[in-house]
Amino acid sequence: MSTGTTKLDVVVSDVIPVNELVTRFHFRRRDGQLLPTFSGGAHVVVEMRDGERTRLNPYSLMGSPLDTREYTISVRRDDVGRGGSLFMHRNVRPGMEMVISYPVNLFSLDLRARKHLMLAGGIGITPFMAQTAQLAAEGGNFELHYTCRTASLGTYADVLRERYDRRVRLYHDDRDERIELDRLLSSQPLGTHLYVCGPSGMIGWVRDRAAALGWPTETVHFEHFAAPQPGAPFDVTLAVSGKTIRVGEQQSLLEAIEAAGVDPPYLCRGGVCGQCETNVIAHDGKFIHNDHWLSEEEHRSCKKIMPCVSRFEGRSLVLER
Amino acid sequence: MGITFRNETFRNDFTFRNSPEHIRRFPFPFHEDSYMYAVNIEPHVVGPKGSVLENLIDVDEHYVAEMQDRALVLAEDPLRCQSLPHMTLAGWDLLELLMEQQALGYPEHFTLTRDGDRWRWINRPLGIDDTFTFGDVSTLPYGPMEYITRQSQGDFCILDQRDGNLWMDAGMVTTQADWSLDFDIGMNFFEWHAPVPLAHEKGIFVRALKFLTNIQQGKPARRLNWTMTINPRLDTSPENYHKWGPDRTTVTPENVGDKVHLRVELQSFWRLPRSNGIVFPIRCYLIKMDELVTQPKWARRLHRVIRDLPEELATYKGLKRYRATLVEWLSKLDDGSPTSPGFGPD
């Protein structure tokens with residue numbers, strides 16, 4: 001199988017600023033056909049042609065899975081990130097032709113759940129937009145707790161409150177409102193599944209408290225896309241293809257490998273799906289593992305690396321690519 | 001021009017036959033003169049015209065008779081079709097997939113018309129014309145999976161994907177090579193493969209699970225598997241072992257050509273869009289030796305494959321009792337000349 005998923009040729013049908021940080025993008029198929037059906041929690045990888053560079057960033061689909069005339073994503077501008085979100089905000093205009101991947105779901109609902117308890121932080125709200133739409137249409141039982149910095153940065157809070165009323169609880173940091181997590185987790189009916197998407201601190205907190213309060217790990221689901229972190233440039237030898245490459249400061253290792261014409265498989269580009277797992281043949285230096293795929297033991301072993309998010313500091317690194 | 005559907009049986013008088021055109025399109029599973037296990041998974045894309053891969057969901061001249069046989073199996077044993085409560089959405093996914101593919105491949109036999117969630121399905125070979133609301137179970141005579149798999153050739157397993165594993169949580173299984181949905185329902189991938197020896201030690205199932213959980217929407221995959229069956233019996237289930245097991249003792253040099261059948265499974269794997277589950281259609285093709293040897297290349301090659309098959313594999317595939325008789329019969333059709341590469345007849 002070749003890299004990633006089947007591609008979709010789309011046109012940007014709308015660009016709508018939602019608040020000072022978030023902009024929503026609408027895509028339709030260029031051939032006028034319906035887009036593929038998807039499930040709540042799915043993401044697409046958006047290809048951005050940024051001059052010489054191709055950026056590939058994953059974004060959750062946030063529209064209703066019942067309406068496949070268009071896909072919508074919401075992008076939070078990250079002024080200190082590697083530039084993908086800035087490209088979307090500055091360069092993408094209605095009418096522009098783009099390429100996106102087929103949807104992939106790595107944050108799927110467990111359809112056995114008697115109740116779905118959802119916890120969102122900030123832009124982590126987007127997968128829940130689609131999941132709540134899906135569940136509401138089926139008469140599913142859900143409850144959403146959404147934390148945002150301020151009311152004006154509470155992306156789609158108004159929409160969600162209007163759609164689902166008291167099934168949505170909002171918490172504003174600037175008003176010192178906090179989820180009473182222990183009370184919430186202790187008062188759920190049997191058969192409840194817990195979903196969390198937000199900053200990694202929030203995910204860690206929720207998982208820890210759920211574990212401490214006796215929630216089985218199978219009932220706790222989280223979406224943990226780590227954006228690749230910039231870092232010092234480093235050199236890598238690709239043993240299979242016989243190439244030596246330099247990973248730039250703002251580039252991920254995966255992007256540098258792709259730029260050299262080698263195409264490892266990928267799905268999430270965020271350290272969770274496991275597709276781009278790569279064997280280390282030799283190294284002299286230190287790994288900076290940022291993924292959620294390899295175990296701690298594997299991280300310590302220095303035998304594998306997830307090139308989508310992890311980096312290296314040191315004299316030499318040889319990979320089986 | 002549509003398909004001429006045969007009127008035939010897969011039990012009692014066993015009138016099942018392949019027409020000459022269907023013999024030529026049979027998915028002969030050996031590309032060389034020997035056989036060994038291999039990871040033979042490839043993308044499930046459309047193949048040559050006139051092959052079983054011409055459409056991704058194949059409908060052939062046995063369609064009507066196979067559906068009648070399925071109805072008989074279900075009437076005797078309703079547990080051949082099961083769907084755990086959380087699998088209804090996946091059932092709708094499968095209904096959409098099979099209706100779309102059958103209507104696309106065989107417009108003269110099947111028509112799907114959609115107006116939002118109001119759908120009309122016309123199945124001419126079976127005389128069905130139903131209008132229903134997609135997503136509303138009360139508008140169909142059966143659950144969505146049972147409804148559409150009573151109208152689709154092959155067995156279907158729907159696997160739920162969760163906790164990094166696949167779970168056999170729904171299926172329609174009436175044409176199986178000796179395994180039971182009722183036994184496996186609710187098991188995960190490792191549990192239902194537990195009886196297979198050796199493969200676990202080789203880590204085959206860990207790799208296979210990794211592959212399957214990463215199957216993407218719009219990118220189905222397929223593989224071929226094979227065994228042999230005595231008499232053209234679709235339902236060789238453990239539940240009915242007493243009916244078909246003894247058949248294996250009835251092979252004689254005189255009846256090999258009529259009784260011994262090569263049984264090929266075209267297995268495909270598809271991601272389901274709404275439920276994020278995986279559907280695993282297992283389509284069974286049968287061909288009797290008399291039909292198979294009408295293609296001299298296949299006769300020569302099958303002789304060499306069965307003759308040289310490792311003992312463990314022959315036992316695993318249940319050929320032990322009649323292997324010698326079969327090899328002797330086939331040897332007369334093998335003049336030792338070379339066979340051309342590839343699966344197809346010359």
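# A tour of chains A and B

Start by selecting chain A: a compact globule of its 321 residues would have a radius of gyration near 20 Å, and chain A has 20 Å, so the two agree. Keep in mind as you go that this is a predicted model. Along the principal axes, the C-alpha atoms of chain A fill a box of roughly 60 × 50 × 40 Å. Colour chain A by secondary structure and you will find seven helices and 17 strands. Of its 321 residues, 42% count as buried. If you have a contact map to hand, look away from the diagonal: among contacts in chain A with a separation of 6 or more, 68% link residues 24 or more positions apart.

**Stop 1: a helix with two faces**

Next, select helix H5 of chain A, residues 200–212. Its 13 residues, at 1.5 Å a residue, should span 18 Å, and the end C-alpha atoms are indeed 18 Å apart, so expectation and model agree. Show the side chains of A:Met202, A:Ile203, A:Val206 and A:Ala210, which are the buried residues of H5(A). Now turn the view to look down the helix axis: these buried residues fall within an arc of 100°, so they line one face of the helix. As a reminder, an α-helix has 3.6 residues a turn, so residues three or four places apart point the same way.

What do the buried residues of H5(A) pack against? Add strand E8 (115–121), helix H4 (181–186), strand E11 (192–197) and strand E12 (220–223) of chain A to your selection, and you have the packing partners. On the face turned away from the buried side, pick out the exposed residues A:Gly201, A:Asp208, A:Ala211 and A:Ala212. Before leaving, step just past the helix to A:Gly214, which takes a positive phi of about 90°.

**Stop 2: two residues with positive phi**

Select A:Tyr156, in the loop between strand E9 (142–148) and helix H3 (157–164) of chain A. Its phi is near 65°, a positive value in a residue other than glycine. Is A:Tyr156 buried or exposed? A:Tyr156 counts as buried because it has 23 C-beta neighbours inside 10 Å.

Then jump to A:Arg269, in the loop between helix H6 (253–259) and strand E15 (278–288) of chain A. A:Arg269 is not a glycine either, yet has a positive phi of about 55°. With 27 other C-beta atoms within 10 Å, A:Arg269 is buried.

**Stop 3: a mixed sheet in chain A**

E15(A) belongs to an open sheet of five strands, in the order E14-E13-E17-E15-E16, with mixed pairing. At its edges, each pairing on one side only, are E14 (243–247) and E16 (304–305) of chain A. Zoom in on strand E13 (residues 234–238), which runs antiparallel to E14(A) and is joined to it by five bridges. For one pair to label, take A:Thr237, whose bridge partner in E14(A) is A:Thr244.

**Stop 4: over to chain B**

Now select chain B and find its open sheet of seven strands, ordered E1-E8-E9-E10-E6-E7-E2, where the pairing is antiparallel. Strand E1 (42–43) and strand E2 (81–83) of chain B are the edge strands. E2(B) pairs with strand E7 (residues 165–172) of chain B over three bridges. Label B:Cys81 and you will see B:Met172 of E7(B) opposite.

**Last stop: where the chains meet**

Finally, show both chains together and select the contacts between them: 15 residues of chain B touch 19 residues of chain A. How does the chain B side divide? It has three nonpolar, eight polar and four charged residues.

Note on methods
Residues numbered from 1 in each chain as written. Chains lettered and ligands numbered in written order. Predicted model: local features only at pLDDT ≥ 70, side-chain atom pairs only at ≥ 80, totals over all residues. Contact = placed C-beta atoms within 7 Å. Nonpolar A, V, L, I, M, F, W, Y, C, P; charged D, E, K, R; others polar. Helix = DSSP H or I, 4+ residues; strand = E, 2+ residues; numbered from the N terminus. Rg over C-alpha atoms; globule rule 2.2 N^0.38 Å. Buried ≥ 20, exposed ≤ 12 C-beta atoms within 10 Å, placed from the backbone. Pairing = 2+ DSSP bridges. Expected span 1.5 Å × (residues − 1). Arc of directions from axis to C-beta.
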